[in-house]
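Please look over the predicted model shown below. The report after it covers the core, the long helix and the overall dimensions.

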Amino acid sequence: MSTLNLVPWRERQRLAVFRRWQVGVVLGAIVTTLTLVAIEQALGNINQAHEARLEALHAQQQALQQQLTEAPVWQARERQAQQLQQAWPRWQQLQLQAWQALTHLLSVAPHGVQVIHAEWREGQWRLQVRALHWRHVQHWQTQLQARGVHVRGQPTVLTSHLWRCPQGRLWRLNTYELISPSLAGSS
């Protein structure tokens, strides 16, 4: 019964559809393969160009680094950086010492004294103060010495000028100089 075909056109149609499907599958596989090959080739070219640029930049960087290490300016700056690294702990210590000295100085209220110039250099104070009388400076000086800040001065007036208070009285303000003992000996 299977050899008997009453509708041969259906069989031909089925074979034609099957052949078209086979051709479509083969063409699809060929197009997909060609597309993948083209994409791989393009990405390979892009990757090679990128690697060539990276190698050129790396070679340029190495050449510049070689020039920098050979340059005398670079060597001088490297020596300066090493000196700065060696001196940095000492500078930190001096800065801490200066802050501590300033806090000691500011911890004493200057009653009757106006500080117009304060200089801290190499561990020593140089102060210029204004006061109505030398006794105010002496009183402030003893309070400073109690806090560990040793300064001394002379009752010699450096400058003097008149000042009018809010009540209208006219006062003479004298300027005195106080110096740490070791700074006075060296200068």
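## Core around Val137

Val137 is in contact (heavy atoms within 4.5 Å) with Val113, Val129, Ala131, Tyr176 and Leu178, leaving aside neighbours within four places in sequence. Val137, Trp140 and Leu178 have the most contacts inside the largest nonpolar core, a set of 16 residues. Such a core is a set of buried Ala, Val, Leu, Ile, Met, Phe, Trp, Tyr and Cys residues joined through side-chain atoms within 4.5 Å. At least two residues of this core come from each of α2, β2 (124-131), α3 (134-146) and β5 (170-179).

This is a predicted model, in which local features need pLDDT of at least 70 and side-chain atom pairs count only at pLDDT 80 or more, while totals for chains, interfaces and linings use all residues. Residues are numbered from 1 along each chain as its sequence is written, and side-chain values use heavy atoms, with hydrogens and water left out.

Two residues of α3 are compared below. Buried means under 20% relative accessible area, exposed over 50%, and partly exposed in between, with a 1.4 Å probe and protein chains only. Both contact lists leave out residues up to four places away in sequence.

| Residue | Relative accessibility | Contacts |
|---|---|---|
| Gln141 | 9%, buried | Trp134, Val151, Arg152, Gly153, Leu178 |
| Trp134 | 10%, buried | Gln141, Gly153, Gln154, Pro155, Tyr176, Leu178 |

## Helix α2

Helices (H or I, at least four residues) and strands (E, at least two) are DSSP runs, numbered from the N terminus. Helix α2 covers residues 72-106, which is 35 residues. At 1.5 Å a residue α2 should span 51 Å, and its end C-alpha atoms are 48 Å apart, which agrees. The expected span is 1.5 Å times one less than the number of residues. A kink of about 40° lies at Ala87 in α2, shortly before Pro89; the bend is the angle between axes fitted to the seven residues ending at a position and the seven starting there.

## Whole chain

The protein chain has four helices and five strands, in the order α-α-β-β-α-β-β-β-α. Its C-alpha atoms fill a box of roughly 140 × 55 × 30 Å along the principal axes. The radius of gyration is 47 Å, whereas a compact globule of 187 residues would have one near 16 Å. That radius is taken over C-alpha atoms, and the globule rule is 2.2 Å times the number of residues to the power 0.38. Trp134 and Val25, 109 residues apart in sequence, are 112 Å apart in space, C-alpha to C-alpha. Of the 187 residues, 13% are buried.
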